[in-house]
Every structure is written in C-alpha cells, then in structure tokens.
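Visitor: I should like to understand how the terms used for a protein model are justified. Would you take me through them one by one?

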Amino acid sequence: MKPFIATGLIRNNILDLKPYASARSEFDAAAAVMLDANENPLGGAFSRYPDPLQKDLKQQLSRARGVDPGSIFIGNGSDEAIDLLIRICCRPGTADSILVCPPTYGMYEVCAATNDVPVVRVPLDAAFGLDVAAIRRALTPDIKLVFICSPNNPTGNLMGAEDLEAILDVAPGLVVIDEAYIDFAAAASWSLRLDAYPNLVVLHTCSKAWGLAGLRVGMAFAHPGLIAILNKVKPPYNVAAASQQLALTALRDGERYEANRRELLRQRERLEAALLAVPAIRQVFRSDANFLLVKVADASALYGYLLQAGIVVRNRHTTPGCENCLRISVGTEVENDQLISALRAFQS
Ligand SMILES: *Cc1c(COP(=O)(O)O)cnc(C)c1O
C-alpha cells in the first residue's frame, strides 16, 4: 500500500489534535460493573453508550464490500463524512477550496459554505459527463478536495472510469467519489481500488440500496491514514447504538438486499418504458441509479399537477443544466403505476 501523505493536505491543527478520550474508547470491553461513563443503569436496552468505532458493523461491511475494516469510516449518514472531509482539509476563510461538477449533489456546496470554504465549479458537459480537460485546468494546490458523484445525483449517470483515473492521477488533494447509488449501476465500486490511490475516498450509504435512510448510517472508504484522522475528529458517539444494531442486522441479510435491489432495477426498467410513452415527457435520461431524470415542457406546471394528485417528485428546474427536469425516485410497482396514470391524464 502506498503511504498517505497528510502534510500539506490535512490542516496542522487537525494533525496536532489530541482527540477526546471517551469512557468507551479508554475501556471498550465488558466488565461486571461499569461505572465509568455516568450512564444510568436503570435505563434499559439503550442505557449504554454505543461503540465509538462501530467494530461489529465494520466487520460486516468489510465482508459485504471487500474493504479492510481499517479503511472504513462510519458516519451519521455519509453527509457527516462530507462535512468532516472538508473540515479536516480546508482552513475556513482562506483560499483552501473544493471543486464540484454541477449539476450534482447539493451537500458538497452546503458543507463548504458552512465552513466558509470557496467552491470551484466545473460544469458537466452536455451529456452530463466530466469535462476532464476543464477540471485539470482548474486544479490548483488550493483545491484540497474534488467531489465527484457517480452515479450522479440528479442526472443518474455513471462517470467514465478513464475520466476518473485522469483526475485521480493529477489532483493535488483528495478525490471523493460519492457512490451513494453504486448498487444500482452495472459497474464495480472504486472502493476496490483504494490500494492504487492513497488520495481516493469512496462514499457509500445505507440510505439507498439498503433501504435504511432513517437510520443515518453512511461510510467513507479510504487509506487507513486518512480514516484515523476522520476518527479523531468525529464526535465520539456519532452513530447511535440502535442504528448500529439495525444496520448490522440488515447487512447480514444479503438475500433480502439482493432481492430488493433486483426488484428496484426491474421497476426502473418498467418506469422508464412507461415514461417514454407519456406525451408530457420529452426525454428520459439514462439512469444507473434508483431514480430517473426526465425533461418535460414545463417542469413547474407538471410538478404542481402531480402534487395535487398526491404524488411528490423533485423539481430540478432551477438547477443549471436541469431546466424543465423532474427527478423521479423509483417506487413500488403500485406507486409507479399511480404516477404513470396521473401522467397519462395530464393535459399540457
Ligand atoms: C442520498 C445521497 C447520499 C446519502 O446521504 P446519507 O447522509 O448517507 O443519507 C449521499 N450522496 C448522494 C449523492 C446522495 O444522493
């Protein structure tokens, strides 16, 4: 494994940081009498603090995803990882910045703005692919992180492997590939290539293919040197015990996960075919995710119409590059059928 070079990338105050030593991190075994954490023993099933490093969950994830436990960070949703990555690399109010490729997931910019970190935007090309030449031109030593979402939200497409390699090869800082939707794509995860790229971070989540958005469990896969820094900065008990337990149970049921994944892919195909036959829909973009981006004549009118029919989709009309587009999550067969009949009845 290549070394992880923290100097010049990770903020000095973070490198120097002595992490908070929680009761559970100083003594993480079980004893007959636990009087070290000011817990209330009368509380019941959740009276104890959770495992700060989520060891059981990481073991199971390691089995499911083929990534070493030492290369796994678990966050309160992958949104927590996005925020922490920006915070450990970028000094607020300086030239330290991130690069994003819009239209893409909004949290990268929100986390940057929250941390007073400038954003460099290199828009996707007309086919929603990466403009590699423009990205390479825009890269400066001040750009500490490049965020690339693949499959991308809200456009649905997977980014080209060669394009990503061309960015990984020259980026001065971390390249974060957000694979929240990778389970719906016919492509291998970049998490299997961590050994080749010490500057690569891959984000996954339990919120999409695992169907556990309410638990708030997401992960970052990266070099163990970077994982150690994320663990140092995160709140000690960032993933609730209930979430750890329920996620573990779900991760052990690989059959259910696979059956659900296949069913959603089947529904995506059905929905795509049905949408193509609806006169109000002008274009259905190719999707490698569990949603479809569609172009219509008047997105806001159609959005309002669907809302009146009790169906809520995402109006992306105000997003540059997604004019008159709606993003539609793939639902159950019954939900998809309801959507289709409502769309067929729409008079534009
Ligand atoms: C849904 C989604 C996530 C998941 O975030 P969680 O905080 O894990 O729920 C991350 N990235 C993208 C692009 C998403 O669409």
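**A buried lysine**

Guide: Lysine 58 is buried yet has no salt bridge, and the nearest side chain of opposite charge, aspartate 51, is 7.5 Å away. The model is predicted, so local features need pLDDT of at least 70 and side-chain atom pairs count only at pLDDT 80 or more, while totals for chains, interfaces and linings use all residues. Residues are numbered from 1 along each chain as its sequence is written, and side-chain values use heavy atoms, with hydrogens and water left out.

Visitor: What makes lysine 58 a residue with no salt bridge?

Guide: A salt bridge requires a side-chain nitrogen of Lys or Arg within 4 Å of a carboxyl oxygen of Asp or Glu. Lys and Arg count as positive and Asp and Glu as negative, whereas His and the chain ends are not counted. Aspartate 51 is the nearest side chain of opposite charge to lysine 58, and at 7.5 Å it does not meet the cut-off, so no salt bridge is assigned.

Visitor: Which residues is lysine 58 in contact with, leaving aside its neighbours within four places in sequence?

Guide: They are Leu53, Pro69, Ile72, Ile74 and Asn231, where contact means heavy atoms within 4.5 Å. Lysine 58 belongs to helix H3. Helix H3 (residues 55-65) lies across E1, E6 and E7 and runs at about 120 degrees to E1. Such angles run from 0 to 180 degrees between N-to-C directions, the axes being lines fitted to C-alpha atoms, for helices over the stretch in contact.

**Strands and sheets**

Visitor: How do you know that E6 and E7 pair?

Guide: Two strands pair if DSSP finds at least two bridges between them. Strand E6 (residues 200-205) and strand E7 (residues 218-221) have 4 bridges in the antiparallel sense, so they satisfy the rule. One of the bridges sets histidine 204 against methionine 219 in E7. Helices (H or I, at least four residues) and strands (E, at least two) are DSSP runs, numbered from the N terminus.

Visitor: What is the order of the open sheet that 7 strands form?

Guide: The order is E1-E7-E6-E5-E4-E2-E3, with mixed pairing. Strand E1 (72-75) and strand E3 (119-121) are the edge strands, because each pairs on one side only.

Visitor: How do you know that E10 and E11 pair?

Guide: E10 and E11 are joined by 2 bridges and run antiparallel, so the requirement of at least two is met. Asparagine 315 has leucine 326 in E11 as its bridge partner. These strands belong to an open antiparallel sheet of 4 strands, in the order E8-E9-E11-E10.

Visitor: Why is E11 called mostly covered?

Guide: Buried means under 20% relative accessible area, exposed over 50%, and partly exposed in between (1.4 Å probe, protein chains only). In E11, 4 of its 5 residues are buried, so the description follows.

**Aromatic pairs**

Visitor: Why is the aromatic pair of tyrosine 49 and tyrosine 237 called stacked?

Guide: Rings of Phe, Tyr and Trp (its six-membered ring) pair if their centres lie within 6.5 Å; planes under 30 degrees apart count as stacked, over 60 as edge-to-face and the rest as tilted. By this rule there are 8 aromatic pairs. Tyrosine 49 and tyrosine 237 lie 4.3 Å centre to centre with 15 degrees between the planes, so they are a stacked pair.

Visitor: Why is tyrosine 237 called partly exposed?

Guide: Its relative accessibility is 23%, so tyrosine 237 falls between the two limits. Tyrosine 49, with a relative accessible area of 40%, is likewise partly exposed.
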